[in-house]
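Here's a quick walk through one protein model, starting with its aromatic rings and then stepping back to the whole chain. Have the structure open as you read.

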Amino acid sequence: MTKNLARASALGGHEVFEILVRDHSAMLLSFLRSLLRAADLVDDLFQETMLTAWRRLPDYDRERPFGPWLRGIAVRLVLKHRERHARGAVTCEPEVLEALELRYRAAAASPETFAAVAERLQQCLQSLPQKLRDVIGFVYEQGMRLCDAARAIEVSEEAAKKRVQRGRQQLAECLRRNGVVA
């Protein structure tokens, strides 16, 4: 049980929900971004997840961690969306979703907060050369397709792909050096 949740145990559902949302919204956005390409779809499913969580709050067991419960709602909504539309969803098997959930669960068990890890990632992003940072921003922050990002930075799609690969490698190395990932 989180420290804020423990403090809020005497509060009503609305106050508890506000605290839980504040504690977990960055994590949920990150989780959804790892499953979806389109930024507007991430926003829509984030809102739908929160609305569903709000409606189902009476069903939530306060003895269990809130993050996995919230991500479970999000996964079901992503899968439902993927069944209806292929637009914007990353195609992945249920095993991949399960592995992703395990990574988020392990991160939640870490003594570092999600915000601290996100801050380190931001620092690593800032350390990238501008040409790598640009293409990473277009693809991962703005949700552009690789061909559109390549056009935006005026390089071939293959060159943009290589920049994304190099950027991801350099980010992973920076995060390892900073003790964020093993």
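## Aromatic rings and the overall fold

F66 counts as buried, because its relative accessibility is just 2%; buried here means under 20% relative accessible area, exposed means over 50%, and partly exposed is in between (1.4 Å probe, protein chains only). Before going on, a word on where this comes from: the model is predicted, so local features need pLDDT of at least 70 and side-chain atom pairs count only at pLDDT 80 or more, while totals for chains, interfaces and linings use all residues. Residues are numbered from 1 along each chain as its sequence is written, and side-chain values use heavy atoms, with hydrogens and water left out.

What does F66 pair with in helix α4, three residues away? The partner is W69, and the two rings form a tilted aromatic pair. Both residues lie in helix α4 (residues 66-84), about one turn of the helix apart. W69 is buried too, because its relative accessibility is 16%.

F66 also forms an edge-to-face pair with Y60. Y60 counts as buried because its relative accessibility comes to 8%. Y60, F66 and W69 together make one aromatic cluster, and the structure holds three aromatic pairs. For the terms: rings of Phe, Tyr and Trp (its six-membered ring) pair if their centres lie within 6.5 Å, and planes under 30 degrees apart count as stacked, over 60 as edge-to-face and the rest as tilted. Here are two of the pairs:

| Pair | Type | Centre to centre | Angle between planes |
|---|---|---|---|
| Y60 and F66 | edge-to-face | 5.2 Å | 85 degrees |
| F66 and W69 | tilted | 5.5 Å | 45 degrees |

Now for the whole protein. How many helices and strands does the protein have? There are nine helices and zero strands, where helices (H or I, at least four residues) and strands (E, at least two) are DSSP runs numbered from the N terminus. Of the 182 residues, 36% are buried. Among contacts (heavy atoms within 4.5 Å) with a separation of 6 or more, 60% come from residues 24 or more positions apart. The protein exposes about 11,200 Å², with carbon and sulfur atoms supplying 52% of that; the areas come from the Shrake-Rupley method with a 1.4 Å probe, and for residues only the protein chains shown count as cover.

Last stop: A115, which sits in helix α6 (residues 114-127). Is A115 buried or exposed? A115 is exposed, because its relative accessible area is 55%. A115 and A26 are 89 residues apart in sequence, yet their C-alpha atoms are 7.5 Å apart in space.
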